[in-house]
Amino acid sequence: MRSTLTRGAATALLPTLGMLVLAGCGGDDTGSSGTPSPSAPASTPTSTLPTNTPTPGSPNTSSPSNTADPSGETADVKIDVTVANGKVNPSGATIKVKAGQTVLVTALSDADEELHIHGYDKELELAPGKPASVKFTANMKGTFEVETHKSGKLVAKLVVS
């Protein structure tokens with residue numbers, strides 16, 4: 001009986017021990033003066049917002065998450081569009097949205113351009129270096145193309161289900 005209790009106690013403590021070991025791998029907490037900076041108590045949760053930085057060739061989108069745009073707008077799905085050197089990013093990506101979710105499209109271009117979300121009749125006039133955005137509720141089901149009008153590039157297919 002005693003060995004069962006010891007084995008059970010050891011099994012229960014293993015996850016805690018693992019967390020302590022991992023917590024020690026965080027690096028040193030010294031400031032620029034070389035003195036340790038105060039750290040938060042172990043029970044205080046910390047969080048880091050995702051950067052949503054795309055890798056080259058991948059769509060620059062976020063999953064539904066109620067993320068905030070730097071302009072202060074929030075949406076269930078955020079789509080960041082870049083038009084540069086005649087190319088668009090994302091390029092032909094499929095973006096899935098559930099009916100009723102809010103969608104925020106933010107675009108930045110290096111040339112005069114128009115971005116159009118078909119079916120929802122949302123249009124952004126893009127001027128070089130000036131970000132533009134539009135927010136809407138995806139309340140119609142189907143597949144809707146997001147494209148540039150002047151250059152005729154397919155940015156994405158918005159699939160609302």
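**Figure 1. L115 and its partner across the β7-β10 pair.** L115 has T148 as its bridge partner in β10. That pairing belongs to an antiparallel match between β7 (residues 113-117) and β10 (residues 142-148), with three bridges holding the two strands together. Everything here comes from a predicted model, in which local features need pLDDT of at least 70 and side-chain atom pairs count only at pLDDT 80 or more, while totals for chains, interfaces and linings use all residues. Residues are numbered from 1 along each chain as its sequence is written, and side-chain values use heavy atoms, with hydrogens and water left out. Two strands are called paired if DSSP finds at least two bridges between them. Strands themselves are DSSP runs (E, at least two residues), helices are H or I runs of at least four, and both are numbered from the N terminus.

**Figure 2. The five-stranded sheet.** Step back from L115 and you get an open sheet in the order β5-β11-β10-β7-β8, with mixed pairing. β5 (93-97) and β8 (122-126) sit at the edges with a single partner strand each, so one side of each has no neighbour in the sheet. On average, neighbouring strands here are turned by 15 degrees against each other, direction ignored. For that angle, axes are lines fitted to C-alpha atoms (for helices, over the stretch in contact), and angles run from 0 to 180 degrees between N-to-C directions. As background, strands of a sheet pair through backbone hydrogen bonds, either parallel or antiparallel.

**Figure 3. The four-stranded sheet.** A second view takes in another open sheet, this one ordered β4-β3-β6-β9 and again mixed in its pairing. The edge strands are β4 and β9; each has a single partner, so one side of each is left without a neighbour in the sheet. From one strand to the next, the twist averages 15 degrees.

**Figure 4. Zoom on β6 and β9.** β6 (residues 102-109) and β9 run antiparallel and are joined by six bridges. V105 has V134 as its bridge partner in β9, and T106 stands opposite S133. Which face of β9 (residues 132-137) is covered? A132, V134 and F136 make up the covered face, whereas S133, K135 and T137 are on the uncovered one.

**Figure 5. V105 in the nonpolar core.** The largest nonpolar core has 25 residues, and V105 and L115 touch the most other members. A core of this kind is a set of buried Ala, Val, Leu, Ile, Met, Phe, Trp, Tyr and Cys residues joined through side-chain atoms within 4.5 Å. β3 (77-84), β5, β6, β7, β8, β9, β10 and β11 (154-160) are the elements that give two or more residues to this core. Setting aside neighbours within four places in sequence, V105 is in contact (heavy atoms within 4.5 Å) with I79, V81, L115, I117, L124, A132, S133, V134 and F136. In soluble globular proteins, nonpolar side chains tend to be buried together.

**Figure 6. The K78-D80 salt bridge.** How many salt bridges does the structure hold? There is one, and it joins the side chains of D80 and K78 at 3.5 Å, N to O. The cut-off is a side-chain nitrogen of Lys or Arg within 4 Å of a carboxyl oxygen of Asp or Glu. D80 is buried at 17% relative accessible area, and K78 also counts as buried, at 11%. Buried means under 20% relative accessible area, exposed over 50%, and partly exposed in between (1.4 Å probe, protein chains only).

**Figure 7. Loop backbones worth a look.** N85, in the loop between β3 and β4, has a positive phi of about 50 degrees although it is not a glycine. N85 is exposed, with 71% relative accessible area. D121, in the loop between β7 and β8, is another non-glycine with positive phi, near 50 degrees. D121 is exposed too, at 61% relative accessible area. Then there is the cis peptide bond from N89 to P90, with omega near 0 degrees; P90 lies in the loop between β4 (87-89) and β5.

**Figure 8. The whole chain, for context.** Zoomed out, the protein comes to one helix and eleven strands, running α-β-β-β-β-β-β-β-β-β-β-β from the N terminus on. Of its 161 residues, 29% are buried. Among contacts with a separation of 6 or more, 54% involve residues 24 or more positions apart. The accessible surface is about 10,500 Å², with 57% belonging to carbon and sulfur atoms. Those areas come from the Shrake-Rupley method with a 1.4 Å probe, and for residues only the protein chains shown count as cover.
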